[in-house]
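Open the model in your viewer and keep the sequence panel beside it. This tour tells you what to select at each stop and what is there.

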Amino acid sequence: MAIAKAERLMNLALCLLGTRRPLTKRELRSSIEAYIEASSDDSFNRMFERDKDDLRELGLVIETVEGIEGDIGYLARRDSNRLPPITLDAEEAAALGLAAKIWQQARLAGAASGALQKLRAAGMPLAADGADYDAGQPHSALEPRIPAHEAAFEPLMLACRDRRPVVFDYRKSTAAHPEQRQVEPWILECWRGHWYVAGWDRERKAERVFRLSRITGKVRSRQGAFTAPVPDHVTVRETVESWAGETATGTARIKLRAEHGYPLRARALTVRALGDGWDELEIPNGHGLDAWLVEFGPDVVVLDPAELRADVIDRLRAVAKG
């Protein structure tokens, strides 16, 4: 049905853009296949009004013109719907090229690639694939990637874009079984290679952050509008970082097996060799650190604080129980 509606909207837009005079509803109905197949005049009228509103919401300027005999006609003048010339400087072109490469593993890869091809064809200063956008030199061995393998990524991305509530089953790291969550998703954030969605939890009536890899089953869309205001982008980003453990409120001491846990070593404030294949690290301690430490399994032992040690043990026990 989504494909049929997209084709119907495209056909209506082409009709309105391709005419030199206003077209009446009667003429549009006889020109577009989906309208011809409408079961009744009322069904066609409802379909046409929705389609017209959808096109206007997408940015198409549709004029309503009253004819000499009182008939109402519609058209979309090309000069009113023509975008201004697109100009990009070197830095803007580099940013677009980099963004397209970052999204190679997501569904947006095809759209991003197509957009770059159109910009190149229009004369934009975008280098060919594999070239550096700054100096025309080949890329280095390190190239940015943002993985988007979770099945929940695409439906949540669309729900964030369309401001549509969703329902999904979520298993907390300390729980053996998933629980259903009703969420109004605001934004997706990638942190330390993991995707998180921030939004409003309807049942708990509070802001929450969920890690996509812990969503089980399908993400199901729900009808209706959001019930809570959406905060600005900066606030949501800070919330994601805070819930994921980025914001430190103190320090913690851990034992880390030698030559293991490079991400932990990169954040360490101090490192001291203990011998017997272990090092002692002092690292920033914030919300979510226990969940991160659990990922290193037997290579990490928490020394203090005691609360962090207890949280890590609880999480490991929950994982062991399945």
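Start at Arg 163, which follows α7 and has a positive phi, near 55°. Helices here are DSSP runs of H or I with at least four residues, strands are E runs of at least two, and both are numbered from the N terminus. Before going on, note that this is a predicted model: local features need pLDDT of at least 70, side-chain atom pairs count only at pLDDT 80 or more, and totals for chains, interfaces and linings use all residues. Residues are numbered from 1 along each chain as its sequence is written, and side-chain values use heavy atoms, with hydrogens and water left out.

**Helix α7**

Select residues 153–162, helix α7. Phe 153, Leu 156, Met 157, Ala 159 and Cys 160 are buried there. Their arc around the axis is only 165°, which puts them on the same side of α7. The arc is taken from the directions from the helix axis to the C-beta atoms. Buried means under 20% relative accessible area, exposed means over 50%, and partly exposed lies in between (1.4 Å probe, protein chains only).

**Cysteines**

Stay on Cys 160: its relative accessible area is 9%, so it counts as buried. Now pick Cys 15, which is partly exposed at 21%. How many disulfides does a search of the whole structure find? Zero, where a disulfide is a pair of cysteine sulfur atoms within 2.5 Å.

**Aromatic pairs**

Show the rings of Phe, Tyr and Trp (its six-membered ring); they pair if their centres lie within 6.5 Å. Planes under 30 degrees apart are stacked, over 60 edge-to-face, and the rest tilted. The count comes to nine aromatic pairs. One of them is Phe 44 with Phe 48, stacked at 6.0 Å centre to centre with 25° between the planes. Both sit in helix α4 (residues 41–57), four residues apart, so about one helical turn separates them. Phe 44 is buried at 4% relative accessible area, and Phe 48 is buried at 1%.

Next, select Phe 168 and Phe 210, an edge-to-face pair at 5.4 Å centre to centre and 80° between the planes. This pair links distant parts of the chain: Phe 168 is in strand β4, Phe 210 in strand β7 (residues 206–211), 42 residues apart. Both Phe 168 and Phe 210 are buried.

Add Tyr 35 and Tyr 74 to Phe 44 and Phe 48, and you have one aromatic cluster.

**Helix α11**

Select residues 306–321, helix α11. At 1.5 Å a residue its 16 residues should span 22 Å (1.5 Å times one less than the number of residues). The end C-alpha atoms are 23 Å apart, which agrees. Leu 308, Val 312, Arg 315 and Ala 318 are buried in α11. They cover an arc of only 125° around the axis, which puts them on the same side of α11. The buried residues pack against β9 (248–257), β11 (278–286), α10 (289–294) and β12 (300–304). Turn to the face away from the buried side: Ala 306, Arg 317, Ala 320 and Lys 321 are exposed there.

From Ala 318, go to His 177: 141 residues apart in sequence, 9.8 Å apart in space, C-alpha to C-alpha. His 177 lies in the loop between β4 (166–170) and β5 (179–191). Its relative accessible area is 61%, so His 177 is exposed.

**Confidence**

Finish by colouring by pLDDT, the predictor's confidence in each residue, from 0 to 100. The protein's mean is 82, and 80% of its residues reach 70 or more. Over residues 128–140, pLDDT stays under 50. Where pLDDT is low, the predicted coordinates should not be read in detail.

How values were computed:
Contact = heavy atoms within 4.5 Å.
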